Amino acid sequence: EFRRVLFRSEKNFFIFKKSKSAKFFLYIFISLVVVLFTYLFIPKFYNYSDLKIEKILTNSGIVLKDSNKIDYHIFPSPRLSIKNAKIGFDNESIDINSSEILLVLNFKDILKKENFKFKKFIIKSGFSKLDLDNIEDLVKIISKNNKQIFLKKNNILITQGEKDLFELKNIEGRYIISNNSNKLSINGTFLDHSFLFGFEQNQNNKSSLSLKVPSLNLSSNLFYKKDDTSNKKDGTLNFQILDNLIFFKFLEEKEILIEEGYIRNNLLNSSLQGSLSFKPNFTFKLNLDLNYLRFIKFFEFLNKHLFFDNSESLEFFKKANGTLVISKMPDSLIIFENNDIRFSNITLDKEKNIFINGKISEYGSKGKIQFDLIKQLEESKKIVISGTILPFDSKIRINEIYQENKNYSKEVMENYETKINNKILKKNLNNIFDVNVIDNLINELN
C-alpha cells in the first residue's frame with residue numbers, strides 16, 4: 001500500500017514537472033507573494049516619528065498633542081500604532097489621553113511617506129473628557145472627516161463647562177459613515193449599569209437616538225428632523241423606566257416646547273405640556289392636567305428620594321429649577337428653585353375644601369417639610385394648622401393653629417401634636433394623608 005501511494009505521488013510530481021503552464025502559474029504565484037510581502041514590509045523601514053503625522057491628522061480635524069512612539073504593523077491589516085497618545089479635536093470639544101491610536105491605512109497608500117490616507121481611526125483604552133456644550137461641534141467635525149471611528153475599552157468623563165457630571169466606563173463604540181446615513185453605536189457601563197446607545201442620521205436631516213439600560217428596565221427613543229434654514233428641530237420622545245412612561249412631541253428653538261404629551265405610572269396619570277431649557281442651566285415650566293394622583297404613594301416616593309442620606313436622586317431634586325402647574329387645581333403650583341421645593345394651594349379634597357401649602361429646604365435624614373394645612377369653613381372663614389413634618393422620624397410638630405376669633409393655647413397644641421403622633425401616625429406618616437383622618441382632626445378644633 002505504501003509503495004502504491006509513493007508511486008502515485010511520484011507520478012503526479014512528474015506530470016506537474018512536465019507541465020510548462022503549471023510551472024508558469026507557480027512562478028507567477030510566488031512572484032506575487034514576494035511582491036506583496038515586499039510592498040507590505042517596506043514601511044517597516046520608515047521612521048514615522050520624523051514624518052508629519054500631526055499634519056495628516058489635522059486635515060481630518062484631529063489634533064495630536066503628544067505621543068510616545070509610532071510603529072507600523074502589518075497584521076491584522078496595515079496600520080500605524082501611536083502609543084501613549086494625547087489627542088483632541090479642532091474645537092477642543094473632547095480630550096483623549098493615554099490611549100493607543102491606530103490608523104488603519106488605505107492599502108494603496110501605505111508606501112506614501114507624506115500625505116498618506118487612513119480609512120479607520122481606532123482609540124484603544126485611555127481616558128477621554130467630553131464637554132456637553134461642544135457636542136454638536138464635535139459631531140460636525142466627525143461627520144466631515146469621512147473616517148470610521150472605533151472606541152475600545154475607553155473611559156469617558158462627561159462634563160459641562162467646569163463641572164464634572166458623570167463617567168462612562170469600558171466603552172466600546174463605532175461611528176460608521178455610509179452613502180445614506182451616519183451611525184453611532186456605543187455600549188459600556190454607567191454607575192455599574194450596562195447600557196446601549198445608538199444614533200443615526202440620514203441625508204434628509206432625519207435623526208434617531210436610542211438608549212437602553214436593561215437592569216433598570218430603561219428604554220428611550222427620540223426621533224427628530226432638523227430644518228437647515230431655521231435650525232429648528234421637531235420630533236417625538238418616548239421614554240420608559242420601570243413602570244414610568246413619558247411621551248411628548250417637541251419643537252426646539254431657543255427652548256424646547258412640549259405638546260401632546262403624557263405621563264403614566266402608579267403615582268399619577270396626566271397629560272403634559274410646557275417648556276424645557278438647558279442653557280445656561282436646566283429649567284422647566286410644565287403643565288400637568290391630572291387624571292389621577294395617588295397622594296399617599298406620591299408622598300412615599302418623595303420620602304424615599306428626598307429624606308434618606310444615601311438616595312441617588314437627592315442631588316437631582318436639589319439642583320432642579322422650574323415650575324409645575326396643576327391644571328385641575330386652580331392656582332396650584334410646585335416650584336423648584338434655589339435648592340428649595342415650594343408647593344402652594346395643593347388640593348387634598350375639593351369637596352371638603354382642604355388644601356395644603358408647604359416648603360422643603362432641608363433634605364436627607366434631617367430633612368423637614370414645613371406645611372400649612374388649610375380648611376375653608378365658610379366663604380370668609382378658615383382654619384390653618386402650621387407645622388413641620390419630620391419624614392425620617394415619622395413625626396409631626398405643630399407650631400401654630402389659627403382660626404379667626406379663636407385662640408389655641410400652647411397646651412392645646414401640645415396635646416393635639418401628641419394625639420397625632422401617638423394615636424394616628426403610629427410611626428407611619430401615610431396615615432396623615434388620609435383625607436377623612438385630616439377632616440376629623442380639623443373638626444375637633446372647630
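This is a short talk on one strand pairing and three salt bridges in the structure above. A caution first: the model is predicted.

I'll start with the strands. Strand E2 covers residues 69-73. Which residues of E2 lie on the covered face, and which on the uncovered one? Ile70 and Tyr72 are on the covered face, while Lys69, Asp71 and His73 make up the uncovered face. The partner of E2 is strand E3, residues 79-89. The two strands pair in the antiparallel sense, over five bridges. If you want one position to check on screen, take Lys69, whose bridge partner in E3 is Lys83. Between E2 and E3 there is a hairpin, and five residues make the connection.

Now the charged pairs. How many salt bridges does a search of the whole structure find? The count is seven. I'll go through three of them.

One is Glu337 with Arg342, where the side chains meet with an N to O distance of 3.4 Å. Where do these two sit with respect to the surface? Glu337 has a relative accessible area of 34%, so Glu337 is classed as partly exposed. Arg342 is partly exposed too, at 31% relative accessibility.

Another is Asp340 with Lys359. Here the closest N and O atoms are 3.8 Å apart. This pair links distant parts of the chain: Asp340 belongs to strand E20, residues 340-349, and Lys359 to strand E21, residues 354-362, with the two positions 19 residues apart in numbering. Asp340 has a relative accessible area of 16%, and because the cut-off for buried is under 20%, Asp340 counts as buried. Lys359, with 31%, is partly exposed. In this salt bridge, then, a buried acid meets a partly exposed lysine.

The last one I'll show is Lys375 with Asp439, the closest N and O atoms being 2.5 Å apart. This pair also links distant parts of the chain, 64 residues apart: Lys375 is in strand E22, residues 368-376, and Asp439 is in helix H8, residues 435-445. Are the two partners buried or exposed? Lys375 is at 11% relative accessibility, and so Lys375 counts as buried. Asp439 also has a relative accessible area of 11% and is buried.

To recap the salt bridges: Glu337 pairs with Arg342, Asp340 with Lys359, and Lys375 with Asp439. On the strand side, E2 and E3 are antiparallel partners, joined by a hairpin.

Definitions and conventions: Residues are numbered from 1 along each chain as its sequence is written. This is a predicted model: local features need pLDDT of at least 70, side-chain atom pairs count only at pLDDT 80 or more; totals for chains, interfaces and linings use all residues. Side-chain values use heavy atoms; hydrogens and water are left out. Buried means under 20% relative accessible area, exposed over 50%, partly exposed in between (1.4 Å probe, protein chains only). Helices (H or I, at least four residues) and strands (E, at least two) are DSSP runs, numbered from the N terminus. Two strands pair if DSSP finds at least two bridges between them. A salt bridge is a side-chain nitrogen of Lys or Arg within 4 Å of a carboxyl oxygen of Asp or Glu.
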